Amino acid sequence: MGMEFLRGHGVVKRHVRRGAAMGLLCALLATGCVSAFPYHVPKAGPETTCIAPAPDRDLLVGVALSGGGSRAALFGAAGLEALGRVRAPEGGSVLEQVDYISSVSGGSIAAAYYASQKPPRETPVLMPDGALTTDYQAFFSRFKEGVEQDIESALIWRQIGSFRWLLNSSLAARSLAEILNERLLGPTTFADLAQREARGDSPRLMLNTTLYNNGRRLVLTTLPPDAGHYDFFQELREAMARRGKTADYPPILKKRWESVLAITPLDLGIDPCPIKLAGGVAASASFPPLVGPISFKVGEEERYFHIGDGGLYDNTGIESLFFVFLKQLQEQKARRALIIVFDSSYPFSVGERRLSLRVEPWKLLTYDFSRIPGIMEERATAYAALFFRSMQIEGVFPDNQTLHVVILRHTNARWKDDLSDLPEACRNEVPPLDSPTAVVERIAEIPTRFWLASECNRQLLITAAAKVVAQNQQEIEDFLAGRPTPEHTAQ
């Protein structure tokens, strides 16, 4: 969900007065509202049993789920279902080949549910005729119903019912973790998840958050700390040597590179094993000043860390997964890798269109105060795309036939001219969805919230997920089969 949570700002308008009333009530009671306090997380010991490297694979397959609130959660769930229907070249489902799932914010709701609740490894995804098995049909039905539920109202009422000040964002993060625990993920811990991963019942999960202390990406995972420590300068030196060139790189550049690499709980001295999965998802999905940050201290140390919003500067979940794959390719533990991205980030162009039609001056809280960090994210994405593509051309990063990225966006679904593929729930909308362009604009403007109020919007996202998988199915199958694929870049 990330910084775009506030683009669904209608929730603020409706509840700000209610929040103010609660604040006044607290003051009148002279008791004060409940204050946020830091979590105490366990300190890592000599052995942290839930941390283990992933087994070596000749072919790595990973899925990334973007941020975008309930929109992203449902698009991700429907996308995984659609991917399950794609048959792998050697038989079975492509879904059975997914080794990693990396997620941001709203996408982390779907990723955590999938990793912790999917049927075990021995349960086949497909029947001989290509249809989903009964077990997987039931699972995906529960999956979609779970992630499209109204978490937003539950969050607000939890704040009120627990005497937590409605506008206290840190307490809102605590409430969100409680709701996800009760309604979706249960008391599953990272230790429980590690057991599933070790049995092959789920892919390795990577929940992306941001450590506000130093700006580093903190990945909540059972992978070891060095899993994504790709040596960029080694590859750069070798690429230059092949052209008979050398270059010196000042220490500041190496420090800059280190700041790009993700860190894990063990890097902070944290034992993630007893931590609940719901808490990790809440950290990834939080976005101050509405939800979060989550603050904690390790053991008895008087040092505090503050985390939240996994979508800062990369709202897709690609980056941390990309570096994990780069390292395994660099160490020759794998020969090829595929990343499939379900990207339902709120389109930056929607804000441009709305602002272009806005007569009065842009006012804070009445439009969208996430526009400013959104501009910075767009710039960062542009530079990242140029960087990744340049490194491929220079031979530093693997070429597209070695490390391939397929990006599936909810706004890229193609609709029939006669709209015979429009979901029934959207047939009587006002204004009417009377053209493919109108349908795409409707999908693009689904707000980032913890609730999808419209049945039409829900059905559009589910249908769009199936469409973009079908549109890119040949590309996915070609790469898995070792056939040439189109040129793309990670961003």
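A salt bridge is taken here as a side-chain nitrogen of Lys or Arg within 4 Å of a carboxyl oxygen of Asp or Glu. By this rule the structure, which is a predicted model, contains 24 salt bridges.

## Salt bridges

Three of the pairs are set out below, each with the distance between the closest N and O atoms.

| Pair | N to O distance |
|---|---|
| Lysine 43 and glutamate 301 | 3.4 Å |
| Arginine 458 and glutamate 148 | 4.0 Å |
| Glutamate 455 and arginine 458 | 2.6 Å |

The salt bridge between lysine 43 and glutamate 301 joins two loops: lysine 43 lies between strand E1 (39-41) and E2, whereas glutamate 301 lies between strand E6 (294-298) and strand E7 (304-308), so the contact ties together parts of the chain that are 258 residues apart in sequence. With a relative accessible area of 52%, lysine 43 is exposed, while its partner glutamate 301, at 33%, counts as partly exposed.

Arginine 458 takes part in two of the tabulated pairs, with glutamate 148 as one partner and glutamate 455 as the other. The pair with glutamate 148 links distant parts of the chain, since arginine 458 belongs to helix H15 (residues 455-480) and glutamate 148 to the loop between helix H4 (134-147) and helix H5 (151-161), 310 residues apart. The pair with glutamate 455, by contrast, stays within helix H15, where the two residues are 3 positions apart, about one turn of the helix.

How accessible are the residues of these two pairs? Arginine 458 has a relative accessibility of 14% and counts as buried because the cut-off for that class is under 20%. Glutamate 148 is partly exposed at 21%, and glutamate 455 is also partly exposed, with a relative accessibility of 36%. Elsewhere, salt bridges that share partners join Asp226, Lys327, Glu331 and Lys333 into one network.

## The largest pocket

The largest pocket holds about 640 Å³ of space. Its lining is made up of 33 residues, and those closest to the pocket centre are Arg57, Asp99, Glu197, Gly200 and Ser202. Among the elements of secondary structure, strand E2 (59-65) and helix H7 (190-199) each contribute at least two residues to this lining, and the largest share, 4 residues, comes from H7. When the lining of the largest pocket is divided by residue class, 18 residues are nonpolar, 6 are polar and 9 are charged.

## The enclosed cavities

How many cavities of 30 Å³ or more does a search of the whole structure find? The search returns 4 of them, and the largest cavity has about 150 Å³ of space. This largest cavity is lined by 19 residues, with Val219, Gly228, Ala262, Ser320 and Val324 lying nearest its centre. Strand E5 (217-221) and helix H11 (318-330) are the elements that give two or more residues to the lining of the largest cavity, and H11 provides the largest share, 4 residues. By class, the lining of the largest cavity comprises 12 nonpolar, 5 polar and 2 charged residues.

Technical notes:
Residues are numbered from 1 along each chain as its sequence is written. This is a predicted model: local features need pLDDT of at least 70, side-chain atom pairs count only at pLDDT 80 or more; totals for chains, interfaces and linings use all residues. Side-chain values use heavy atoms; hydrogens and water are left out. On a 1 Å grid over the protein atoms alone, a cavity is a set of points where a 1.4 Å probe fits but cannot get out, and a pocket is an open set with protein on both sides within 12 Å along at least five of seven lines; lining residues have an atom within 4 Å of a point. Grid points are joined across faces, edges and corners, and a volume is the space filled by probe spheres set on the points. Ala, Val, Leu, Ile, Met, Phe, Trp, Tyr, Cys and Pro count as nonpolar, Asp, Glu, Lys and Arg as charged, and the others, Gly among them, as polar. Buried means under 20% relative accessible area, exposed over 50%, partly exposed in between (1.4 Å probe, protein chains only).
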